[in-house]
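Please open the model in your viewer and keep the selection panel at hand. The tour below goes from the whole chain to single residues, one selection at a time.

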Amino acid sequence: MPKKDDKDDGGKRRKRGREGRKGREEKRGREEREPVLRDVLRVPVGEPVDLASYDARGIPAGPVDKAAGTAATAPLGPRLADLQERLYASSTAGDRRRLLLVLQGMDTSGKGGTVKHVIGFLNPSGCRVRAFKAPTPEEKEHPFLWRIEKALPLPGEIGIFDRSHYEDVLVPRVHELVSGSEIKRRYRQINHFEKALADDGVTVVKVFLHLSYEEQRARLLERLDDPDKHWKFNTGDIEERALWPDYRKAYELALERCGTDTAPWHVVPADRKWYRNWAISKLLLEHLEALDPKYPPGDFDVEESRKRLLAS
């Protein structure tokens with residue numbers, strides 16, 4: 001006959017079991033209710049885009065304030081790191097899949113900050129990061145996609161573009177560097193290019209960091225007020241601000257003409273840095289989870305290798 005202490009222990013174990021099941025069920029319930037962020041932020045394909053209808057300080061889904069956002073972002077790191085390792089490991093067995101994160105946005109929208117944040121979660125050796133500036137003389141001698149193709153991630157890698165091939169349909173349009181027909185031709189080339197990437201195993205995650213006019217002014221003033229940030233300030237940014245309506249229209253057309261089912265755009269509100277960081281991390285996690293890379297099985301006899309190792 002069991003002792004009283006045994007009965008108490010059994011009762012406690014059953015209680016803990018019930019509480020554990022309840023906790024798991026509640027967690028599953030929250031996950032089921034949690035919206036898929038890539039669907040929430042995705043720009044509808046084939047529809048006109050009006051960026052004025054997107055709130056740059058909005059919180060379309062997820063944490064409601066900075067404290068909650070910080071708490072929600074932290075646990076994403078280990079999950080991203082695990083998926084990155086699995087993606088790289090699968091490439092050693094011939095899996096050609098990889099992921100490319102494309103970041104576009106006005107100056108000070110946080111492209112560089114996003115790169116730094118994302119890299120903080122990942123193994124840098126498995127990432128290929130490239131920041132695109134104005135084309136060099138050599139790059140101008142080639143088709144505009146030439147420099148992009150050279151920077152693409154290899155199988156198993158995560159690539160991050162701080163600006164991208166979209167610079168070649170944004171700046172030229174705003175500053176009238178090429179004809180309207182050439183811009184339209186480039187839209188078509190970009191769509192064909194991204195389709196070819198997808199066919200070759202590249203998951204293209206395109207993000208427009210949506211910053212407000214007022215927030216950009218505040219961030220530029222912060223750079224002026226801090227001598228340690230003067231190196232980041234460019235007087236040309238003031239002239240470019242005068243072209244804000246033109247840039248907004250150029251982005252709207254790029255999001256509209258180059259948003260496809262293969263490579264859709266996502267608009268991330270960027271006025272709140274904590275929300276931007278959470279949203280980008282969550283978007284990456286959702287896309288990597290959809291890939292669901294697996295560790296490849298060993299091509300050797302495990303037990304035989306164990307015996308040999310122990311005997312050595």
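What follows is a sequence of selections, each with a short account of what is found there.

Before selecting anything, bear in mind that this is a predicted model. Begin with the protein chain as a whole, shown as a cartoon, in which 14 helices and five strands can be traced. If you colour by burial, the buried residues amount to 43% of the 312 residues in the chain. Switching to a surface display, you are looking at an exposed area of about 17600 Å², of which carbon and sulfur atoms supply 51%. Among contacts with a sequence separation of 6 or more, 81% are accounted for by residues 24 or more positions apart.

Next, select Ala56, whose place is in the loop between helix 2 (37–40) and helix 3. Is Ala56 buried or exposed? Its relative accessible area is 7%, and because the cut-off for burial is under 20%, Ala56 counts as buried. Then add Ala270 to the selection and draw the C-alpha to C-alpha distance, which comes to 5.8 Å although the two residues stand 214 residues apart in sequence. Leaving aside residues up to four places away in sequence, Ala56 touches His210, Leu211 and Ser212, and also Pro269, Ala270, Asp271 and Arg272.

From that loop, move along to Lys66, which lies in helix 3 (residues 66–73). With a relative accessibility of 56%, Lys66 counts as exposed. Now extend the selection to Lys116, Lys229, Lys232 and Lys273, which together with Lys66 gather in a patch of positive charge on the surface.

The last two stops concern backbone torsions. Most residues other than glycine have a negative phi. Select Thr108, in the loop between strand 1 (98–105) and helix 5 (111–121), and read its phi, which is near 75° and thus a positive value in a residue other than glycine. Thr108 counts as buried, at 10% relative accessibility.

Finally, go to Glu176, which is placed in the loop between helix 8 (167–174) and helix 9 (180–199). What is the phi of Glu176 near? The value is near 55°, again positive in a residue other than glycine. Glu176 counts as exposed, at 70% relative accessibility, whereas Thr108 counts as buried. With both residues displayed, the tour ends on two loop positions with positive phi, Thr108 and Glu176.

How values were computed
Residues are numbered from 1 along each chain as its sequence is written. This is a predicted model: local features need pLDDT of at least 70, side-chain atom pairs count only at pLDDT 80 or more; totals for chains, interfaces and linings use all residues. Side-chain values use heavy atoms; hydrogens and water are left out. Patches are made of residues with over 30% relative accessible area and no salt bridge: like charges are joined within 9 Å, nonpolar side chains (Val, Leu, Ile, Met, Phe, Trp, Tyr) within 5 Å. Accessible areas come from the Shrake-Rupley method with a 1.4 Å probe; for residues, only the protein chains shown count as cover. A salt bridge is a side-chain nitrogen of Lys or Arg within 4 Å of a carboxyl oxygen of Asp or Glu. Lys and Arg count as positive and Asp and Glu as negative; His and the chain ends are not counted. The place of a charge is taken as NZ of Lys, CZ of Arg, CG of Asp or CD of Glu. Helices (H or I, at least four residues) and strands (E, at least two) are DSSP runs, numbered from the N terminus. Buried means under 20% relative accessible area, exposed over 50%, partly exposed in between (1.4 Å probe, protein chains only). Contact means heavy atoms within 4.5 Å.
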